[in-house]
Amino acid sequence: MSEHTSDNKHGLSAAENISEKKLGLSALVALVIGSMIGGGVFSLPQNMAYSASTGALLIGWGVTAVGMICLALIFQLLNRRRPDLEGGIYSYARAGFGDFIGFQAAWGYWFSAWLGNVSYAVLMFSALSFFFPVFGLGNNWQSILGASAMLWLVHTLVLKGVQEAALINTILTVVKVLVLMVFICAAVVAFRLDVFSSDFWGRLIQVDNQHPALFEQVKSTMLVTTWVFIGIEGATVVSTRAARRNDIGKATVLGLLGCLAIYLLVSLLSMGVLEQAALGQLKNPSMAGVLEHIVGAWGAKFVAAGVILSVAGALLAWTLFAAELPYVAAKDGMFPRFFGKTGVHNSPETALWVTNGLIQLFLLLTLFYSAGYQALFSIATAAILPPYVFSAAYGLKLAWRGESYQDGESRGGDIILALIGTLYGIWLCYAAGGQMMLSSLLFVPGIAVYAWHKSSLGAPLLFKPFEIVIAVLLVLLAILTLVMIAQGQIQLVS
């Protein structure tokens with residue numbers, strides 16, 4: 001590392017300070033949108049309509065909009081109040097609740113990020129089968145070979161520098177948003193109010209031979225929205241690469257509002273094109289079926305092409321996040337030091353090699369033992385949610401205690417904002433249900449890794465009382481989860 005410059009406010013090296021100026025507002029917004037819009041948006045019509053009516057959909061989106069906007073504003077608040085915290089969602093958990101919680105937040109987020117990229121790679125080649133049937137479901141040897149080539153192409157892009165990778169991500173984000181706008185315009189033309197208002201409260205809906213109550217319908221929509229907004233924290237994860245600190249909060253809010261508008265239009269307009277029962281029976285990506293109904297057979301292939309481009313962009317964005325987080329955590333002393341090594345272009349070289357090496361390993365696992373990958377994916381899926389809760393709770397703690405506030409400065413609005421965000425984060429964990437319980441199987445090994453890392457540094461392993469309580473509860477929850485899996489009460493996704 002080169003010597004620190006005199007104008008470096010955050011104690012970064014000169015090389016890091018140069019890279020900090022490379023990502024402007026547009027690139028950060030593209031990273032937020034690119035990470036949130038992956039493959040899920042293309043399945044929204046069916047996912048939403050399967051067990052929810054138009055009325056329930058409107059209520060669900062209303063609650064989601066309030067909760068997610070609050071979370072976005074909390075990230076903006078934390079970025080403004082604590083500009084010294086450069087690891088984003090992980091740093092907030094650590095600053096608010098100590099090393100143990102910070103490590104677990106980083107551990108769960110990193111695991112979810114890179115394992116999620118395995119599913120993106122499989123999904124991309126599954127979508128390619130629309131044009132090249134040889135790829136099948138995306139998990140045969142042809143697909144794994146292609147996915148591996150894509151993985152190391154992305155790896156090379158990031159090694160050449162975060163700025164170059166972010167530029168490619170920006171281009172892919174613009175293209176996939178244009179694809180979604182084509183669908184939205186077509187749906188506006190085909191929209192019929194009588195179809196949209198038909199069975200508005202879902203009295204005719206049947207799921208498993210039952211008529212779900214309105215609350216259950218609303219809950220089912222929010223189970224979907226829990227996942228389509230993952231990535232809202234993207235700009236905070238790469239905060240050390242931002243040209244201006246203020247852009248991080250702006251990018252988070254702008255990216256969230258852009259994605260919210262797209263998700264609302266895609267799901268609600270589809271309810272006015274096909275009746276709810278017909279939408280609920282479409283194969284995914286269901287947007288293909290809706291556009292095919294509007295414009296003909298070419299519509300399905302158009303959407304399939306959109307899925308490929310969208311997933312490619314999401315794969316690139318999440319590769320950046322998955323490498324950046326252990327890199328920042330290593331600089332903070334929370335991950336092994338070798339994760340903090342950078343390359344010629346100041347990219348997180350070692351973290352990138354380790355992360356993509358794991359992705360490659362699990363791509364091979366999908367070929368030879370797909371059930372094993374699916375089991376681990378189930379375990380990791382919800383592990384990304386607790387850091388949201390801890391970030392919002394830290395915002396609440398900061399505002400409540402008046403830390404980083406001037407004497408007499410108003411805090412009431414921030415307290416209310418952070419309280420709503422915290423409650424919504426807890427709701428996300430509740431909505432995840434069994435997936436949240438499965439994630440305990442990931443966090444328990446994290447306790448052992450944390451203890452090993454502390455001992456390797458020669459640091460005393462001193463757990464605070466509340467950390468001991470959390471560790472014990474995690475172990476008990478993991479045992480309960482294993483029992484419920486054995487009894488068939490919790491299912492691993494297939």
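Let's start in the middle of this predicted model, with its largest nonpolar core, which has 154 residues. Within that core, the residues with the most contacts are Val41, Phe229, Ile232, Tyr263, Trp318 and Leu385. Which helix gives the largest share of this core? Helix 15, spanning residues 298-331, supplies 20 residues. To see how such a core is knitted together, pick out tyrosine 263. Setting aside neighbours within four places in sequence, tyrosine 263 is in contact with Met36, Ile37, Val41, Leu44, Trp61, Val228 and Phe229. Two of these names, Val41 and Phe229, also appear among the residues with the most contacts inside the core.

Nonpolar side chains turn up on the surface too. Ile468, Val469, Val472, Leu473, Val475, Leu476, Ile479 and Val483 make a nonpolar surface patch of about 660 Å². If you want a landmark for finding this patch, look for leucine 473, which lies in helix 21 (residues 465-486).

Next, look at the charged side chains. How many salt bridges does a search of the whole structure find? The search finds 8. In one of them, aspartate 84 pairs with arginine 82, and their closest N and O atoms are 2.7 Å apart. These partners sit in unlike surroundings: arginine 82 counts as buried because its relative accessibility is 18%, under the 20% limit. Aspartate 84, at 40% relative accessibility, counts as partly exposed.

Another salt bridge joins arginine 94 to aspartate 99, with the closest N and O atoms 2.9 Å apart. Here arginine 94 is partly exposed at 25% relative accessibility, and aspartate 99 is partly exposed at 23%. The story does not end with this pair, since Arg94, Asp99 and Lys454 are linked in a network of salt bridges. A further salt bridge connects arginine 401 with glutamate 403, where the closest N and O atoms are 3.7 Å apart. Arginine 401 is exposed, with a relative accessible area of 57%, while glutamate 403 is partly exposed at 31%.

Now follow the backbone. Most residues other than glycine have a negative phi, and most peptide bonds are trans. With that in mind, visit serine 404, in the loop between helix 18 (386-401) and helix 19 (412-432). Its phi is near 70 degrees, a positive value in a residue other than glycine. Serine 404 is partly exposed, at 39% relative accessibility. Aspartate 199 also has a positive phi, near 50 degrees, and lies in the loop between helix 9 (193-197) and helix 10 (214-228). At 26% relative accessibility, aspartate 199 counts as partly exposed.

Is the peptide bond from asparagine 284 to proline 285 cis or trans? This bond is cis, with omega near 5 degrees. You will find proline 285 in the loop between helix 13 and helix 14 (286-295). Helix 13 covers residues 276-280 and includes alanine 278, which is partly exposed with a relative accessible area of 35%.

Finally, what about disulfides? The structure holds 0 disulfides. Cysteine 185 is in no disulfide, and the nearest cysteine sulfur, belonging to cysteine 259, is 17 Å away. That is beyond reach because a disulfide needs two cysteine sulfur atoms within 2.5 Å. Cysteine 429 is likewise in no disulfide, with the nearest cysteine sulfur, that of cysteine 70, lying 16 Å away. Cysteine 185 is partly exposed, at 47% relative accessible area, whereas cysteine 429 is buried, at 18%.

Key:
Residues are numbered from 1 along each chain as its sequence is written. This is a predicted model: local features need pLDDT of at least 70, side-chain atom pairs count only at pLDDT 80 or more; totals for chains, interfaces and linings use all residues. Side-chain values use heavy atoms; hydrogens and water are left out. Helices (H or I, at least four residues) and strands (E, at least two) are DSSP runs, numbered from the N terminus. Buried means under 20% relative accessible area, exposed over 50%, partly exposed in between (1.4 Å probe, protein chains only). Patches are made of residues with over 30% relative accessible area and no salt bridge: like charges are joined within 9 Å, nonpolar side chains (Val, Leu, Ile, Met, Phe, Trp, Tyr) within 5 Å. Accessible areas come from the Shrake-Rupley method with a 1.4 Å probe; for residues, only the protein chains shown count as cover. A salt bridge is a side-chain nitrogen of Lys or Arg within 4 Å of a carboxyl oxygen of Asp or Glu. A nonpolar core is a set of buried Ala, Val, Leu, Ile, Met, Phe, Trp, Tyr and Cys residues joined through side-chain atoms within 4.5 Å. Contact means heavy atoms within 4.5 Å.
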